[in-house]
Amino acid sequence: MKIGEAIADECRHMFTIPKLAAILLLMPILYAVLFGFLYSHERITEMPVVVYDGDNSSLSRQIIQAFDATDTFQVTGQRWNQEDVVQAVQSGEARVGLIIPPNFTSGLQHGENVPILTFIDGSNLIYSNSASRIANQVIMSVSSGATLQTLDKQGMSSEQAGSLLNTIPYRSRVLYNPVFNYEYYMPIGVISAALQQCLLLGIALSCTWQKEAGSWGQFGVWRFSPWKLAIAKLTPYFLIGLVNIVVSFSIAHFGFGIPFAGQLLPMLFLALAFNFAVCGLGFLFSVVSKRQVDAIQALMLIAMPSFMLSGYTWPLEAMPRVLRIIGECLPLTQFLQGVRNIVGKGLPLESIWGNVMALGLIGLVTLLISFLIYPLTIRRYSEDNPPITSQSNQPVTIADPVQKG
């Protein structure tokens with residue numbers, strides 16, 4: 001065979017398999033469009049900010065308005081003390097806390113160092129980098145003369161006001177990851193994505209290998225009780241998934257020094273819910289797919305988008321609404337949100353309860369769909385693989401060698 005003939009034969013093979021042709025030609029285009037929409041907002045906007053205004057002066061209100069006037073921040077509420085502001089940032093209710101201390105304006109007039117404080121959630125580096133930079137720009141804008149007219153009305157000359165505003169003190173504190181260390185951020189996301197994909201792959205092949213081996217028909221007795229098949233197939237993978245989570249996060253913490261600020265009980269609840277959701281999704285792929293290669297191809301198509309839409313490389317709040325809804329429906333998104341609250345922030349079980357419930361719902365919905373489809377797959381398998389019969393149209397029976405003779 002000549003090289004040209006081999007090339008032509010391979011091209012014919014590529015285009016005779018529709019799924020392979022779609023993966024090679026259409027999926028790069030689909031991914032390009034998806035990622036283009038994903039980053040279409042170009043920057044993070046409307047980060048929720050809570051404020052404590054202890055000064056309640058014209059200058060403090062001007063500073064708050066300056067924060068709210070930017071596209072990056074959105075003032076969503078006020079608190080009555082500094083502790084409540086910090087609590088709002090810790091719980092995830094706000095990404096930034098702005099604290100203007102009492103006697104702020106009068107202290108500046110007397111030359112005292114009374115700084116404005118911002119508390120920034122550093123558990124997500126995408127947020128913290130942007131928030132730190134824009135908050136500093138807002139303070140500098142105010143310091144360069146945004147409130148000259150306001151202070152002039154309070155009896156200060158333009159020279160005094162200009163000197164005052166150029167020296168407005170500002171302090172920023174980044175919670176959980178103050179040095180912006182990517183070692184504390186990226187490994188957790190990559191590890192979680194790998195855990196999901198490996199478990200999905202194993203479960204997706206759990207039924208398809210028996211379809212190819214010709215032994216799938218034995219499960220026809222469970223046609224109207226598919227939950228038995230789910231328990232039989234998923235139990236080993238569910239337990240393996242739990243072991244993998246424990247081992248992987250233990251290596252990350254004890255082997256590489258990645259902090260684990262939370263407690264084990266919330267992490268256990270989250271791991272159970274995550275494995276349940278992944279098992280449901282993988283079981284659906286396994287029931288629907290005819291062959292192992294079909295299941296593998298389907299998993300390849302969701303591997304990269306699942307991580308990109310999880311909010312780990314780009315915040316969900318900055319995505320178009322449709323992509324955000326899709327991202328919220330993925331197990332990895334809910335798991336990573338909970339992991340950041342536990343591992344990075346050390347928050348209790350209440351903080352991840354919403355993620356646990358969402359993961360449970362994903363598992364229940366995917367399992368329910370699998371149960372509804374299962375009788376149809378058994379019927380289709382029986383039609384595609386009819387029993388072997390003899391020439392008299394009677395099923396062929398094989399004699400027991402023990403009874404022979």
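**A walk around two helix stories**

Visitor: How does the reach of helix α3 from its first C-alpha to its last compare with the span expected at 1.5 Å a residue?
Guide: Keep in mind that this is a predicted model. Helix α3 runs over residues 27–38, so it has 12 residues, and the expected span is 1.5 Å times one less than that number. The reach from first to last C-alpha is close to that expectation, at 16 Å.

Visitor: Which residues of α3 are buried, and why do they fall on the same side?
Guide: The buried ones are M27, Y31, L34, F35 and L38. I29, A32 and F37, on the other side of α3, are exposed. The buried residues share one side because they cover an arc around the axis of only 90°.

Visitor: At what angle do the axes of α10 and α12 cross, and with which hand?
Guide: Helix α10 covers residues 186–213 and helix α12 covers residues 264–288. Their axes come within 8 Å and cross at roughly 35°. The hand of this crossing is right-handed.

Visitor: How many residues of the contact of α10 with α12 are nonpolar?
Guide: From α10 the contact includes L199, L200 and I203, and from α12 it includes F274, V278 and L281. Polar residues number 7, and 1 is charged. The nonpolar count is 14.

Visitor: What share of the residues in the protein is buried?
Guide: The protein has 16 helices and 5 strands. Buried here means under 20% relative accessible area. Of the 405 residues, the buried share is 44%.

Conventions
Residues are numbered from 1 along each chain as its sequence is written. This is a predicted model: local features need pLDDT of at least 70, side-chain atom pairs count only at pLDDT 80 or more; totals for chains, interfaces and linings use all residues. Side-chain values use heavy atoms; hydrogens and water are left out. Axes are lines fitted to C-alpha atoms, for helices over the stretch in contact, and angles run from 0 to 180 degrees between N-to-C directions. Helices (H or I, at least four residues) and strands (E, at least two) are DSSP runs, numbered from the N terminus. A crossing is left-handed if the near helix is turned anticlockwise from the far one by less than a right angle, and right-handed if clockwise. Contact means heavy atoms within 4.5 Å. Ala, Val, Leu, Ile, Met, Phe, Trp, Tyr, Cys and Pro count as nonpolar, Asp, Glu, Lys and Arg as charged, and the others, Gly among them, as polar. Buried means under 20% relative accessible area, exposed over 50%, partly exposed in between (1.4 Å probe, protein chains only). The arc is that of the directions from the helix axis to the C-beta atoms.
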